[in-house]
Amino acid sequence: MTLSETAGWQVLVVDDDPGMRETLSDILAREEIPCVTAANGRAAELTMQSGGIALAIVDQRLPDVMGVELVDRLKSYDADLPVLLLSGYASAEAALAAVGKVEDFLVKPVRPEQVVSAVRNGLDRRWLRVRNAELVGQLQQANAVLADNVRRRQNELATLIAMAAAVSSSSRLPLVLDAAVDVLARMSGTTVAAVYLLGDDDKLSLSAVRATAWRPPQRLSKFTERVMRADVDGHECALAALNSDGVTVGAVLLERNEQEADAFLVALAAQLAVGVENARRSERERATVDRMAELNRMKSSFLANISHELRTPLTAVIGFARTLQGRGTSLSDEERGRLLDRIETQARRLARLVEDLLDEANLDRRALRVSNGPVRVPEVVDRVVSSIVEPVHRLTVMLPDAPPVVIADSDRLEQVLGNLVDNARKYSPVGSEIVIGGAVTERGFELSVADQGRGIEPEFLPHLFEPFTQADIGDTRRDHGVGLGLSICQGLVEAMGGTIEVISDVTSGTTFTVVLPRIVPGPKGPVDTRQAVARGAV
Amino acid sequence: MNGREVLIVDDEPGMLETLADILDAAGYTVTAVGDGEKALAEIRTGRYDVVVMDVRMPGRDGVSVLVESGAPPPPVILMTAYALEERLREAREKKVHAVVMKPFAPPYLLDLVASAVAA
């Protein structure tokens, strides 16, 4: 490199001898090396201050300062400045003082080729140093970029590994999402990390979040890109779609103070999508297993109940029949009558149970038929009341004076009412009152059975009309029956076009109300429902 | 009369009646109770040679009576309608004399009662 290639740079010649300044200027000019001169230290410093000096030739003896001292001052402006020290004689003292500070010595009288050679050497070294510094700078910059890239990749790799661990840490979706946003939030530079899942409204709903800056919105609109940068509530965010089998199931939102690679976001989202899908599959499997276990438990309970209910009367029938067989001739007529009576009672019980089971099976297959027609409710109530054997409750009937004719199935309505009265008798204390009531309302004719029993536990109420359920008061305190009665009642009432409902309170008892909406229009108009007739105790 | 005392326990009046008929005809002295609590009180009097009891009863069930009746209880014959009844596992651990499945023929029950008396 030559000085001419580095335009603007000059050599500074400092000498108090004008002849010497001229000689040196001439020598340098012949080599096309531009130069500027100074007659003393002060002038030299001023020139140095204005810059552009590539090398200095300094006379050892100056009027205002020693040459060695001036070297120090000039180098204070430019530490890399090469200096050639010019002296009138080969002074060992001057040379020693200048060792390490100057590039070379020039001894007067100077020979032109010596000057040129020393200047060129000095300049070469100067440019080399400048170039070196530049290269070192570039190298350092490249190193820094590399180090930053390595750090980012390491961060991304660590995040991907942590995400793999997070999505397999649990089979429960909320825990998986929580672990996932934790991983995202731990990535250096993350201020907001959130996971959204696609909801029924076809929008992405915030499902897990870690935020130090601002809270991301509850809902996001779906987007079609796999990765995109978008403005969310005034914040520049990266969004990545969670895709499962090509269908969007959610999204990841990240706000970070550094830009991550798209490929990294895609990989991250893919892992999380797998985690979400796995957790959902596990949840479905768990629900199925729970349902199967519940069905199995219900089946066992049903089998135990049904066996007991069917086999106990059967045992009694066989027992009574054997007694008749074995001792028939020695029995009195009265005794024989008792045994036959018992056999009939047990057989009826069995028959009713079998009928219930068939009804339930038919309800289940929606094959149960009702034949609706005009029904006089008091007649149905009479049949139910008179069928009660062993009356141990006070039964009160409160029907309107002129109850309307309703459209229903008379036999089925009797079955329903009988069942409700049986339940009331079963679940309320001996001697308490049971009221069969009737009223015309805007909904139709309402037939109700109210008891003063122990009521129904609120948690059992929703399951009351489900088949094979019974108020559970400890396994062994089950009352007789297999839990079909109310299920059948509901099925029958609905088949008649009505509804059945229940109000229950553990302190005041239970009231079942059958609403029959179809009333045959009567000639008398609305009926006064307040007047009631007590039919006495049974 | 053979002088042996049998306690029968069932919440079904029909069952109690037929059991009483069967055992009475075979010469046993029969006492009938309708629930587990009463059964427990009777067993604790120590006068019974055999107890014939239903498993499934409201309130205290047959297995519970067996477990609570103390040692040594008289031989107990349990009646059940459902062989897979969970409660029976506990009863078997308690050395029930026999478990009889409903429905059963009266002579079979009499054989079991006779074997329990002999034990």
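Mentor: Let's start in chain A: strand E14 (residues 405–408) pairs with E19(A) in the antiparallel sense, over two bridges. Val406(A) faces Ile519(A) in E19(A). Strands here are DSSP runs of E with at least two residues, helices are runs of H or I with at least four, and both are numbered from the N terminus. Two strands pair if DSSP finds at least two bridges between them.

Trainee: Before we go on, what kind of model is this?

Mentor: This is a predicted model, where local features need pLDDT of at least 70 and side-chain atom pairs count only at pLDDT 80 or more, while totals for chains, interfaces and linings use all residues. Residues are numbered from 1 along each chain as its sequence is written, with chains lettered from A and ligands numbered from 1 in the order in which they are written.

Trainee: Back to the sheet, then. Which strands stand at its edges?

Mentor: The general idea is that strands of a sheet pair through backbone hydrogen bonds, either parallel or antiparallel. Here three strands make an open, antiparallel sheet in the order E12-E14-E19 (chain A). The edges are strand E12 (373–376) and strand E19 (519–520) of chain A; each has a single partner strand, so one side of each lacks a neighbour in the sheet. Helix H9 (residues 377–386) of chain A lies across E12 and E14 of chain A, at about 60° to E12(A). That angle is taken between N-to-C directions, from 0 to 180 degrees, with axes fitted to C-alpha atoms, for helices over the stretch in contact.

Trainee: How do I read a hairpin, and how many bridges join E6(A) to E7(A)?

Mentor: Strand E6 (residues 190–198) and strand E7 (residues 204–211) of chain A run antiparallel and are joined by seven bridges. Leu197(A) has Ser205(A) in E7(A) as its bridge partner. Five residues lie between the strands of this hairpin, and Asp202(A) takes a positive phi near 65°. E7(A) also pairs antiparallel with strand E8 (residues 219–220) of chain A, over two bridges, and there Leu204(A) stands opposite Leu220(A) in E8(A).

Trainee: And helices: which residues of H6(A) are buried?

Mentor: An α-helix has 3.6 residues a turn, so residues three or four places apart point the same way. In H6(A), the buried ones (20 or more other C-beta atoms within 10 Å of their own, placed from the backbone) are Val176(A), Leu177(A), Ala180(A), Val181(A), Val183(A) and Leu184(A). They cover an arc of only 155° around the axis, which puts them on the same side of H6(A); the arc is that of the directions from the helix axis to the C-beta atoms. These buried residues pack against helix H5 (112–167), E6, E7, strand E11 (247–256) and helix H7 (262–327) of chain A.

Trainee: How many residues of H11(A) are buried?

Mentor: Helix H11 (residues 485–495) of chain A is mostly covered, with nine of its 11 residues buried. Among them are Leu486(A), Ile488(A) and Cys489(A). Just after H11(A), Gly497(A) has a positive phi of about 90°.

Trainee: Finally, how many residues does each chain bring to the contact?

Mentor: Chain B and chain A bring 23 residues each, where residues are in contact if their C-beta atoms, placed from the backbone, lie within 7 Å. On chain B's side, helix H1 (residues 13–25) gives the most, with eight residues. As for the rest of chain B, it has five helices and five strands, following the pattern β-α-β-α-β-α-β-α-β-α along the sequence.

Methods:
Buried ≥ 20, exposed ≤ 12 C-beta atoms within 10 Å, placed from the backbone. Contact = placed C-beta atoms within 7 Å.
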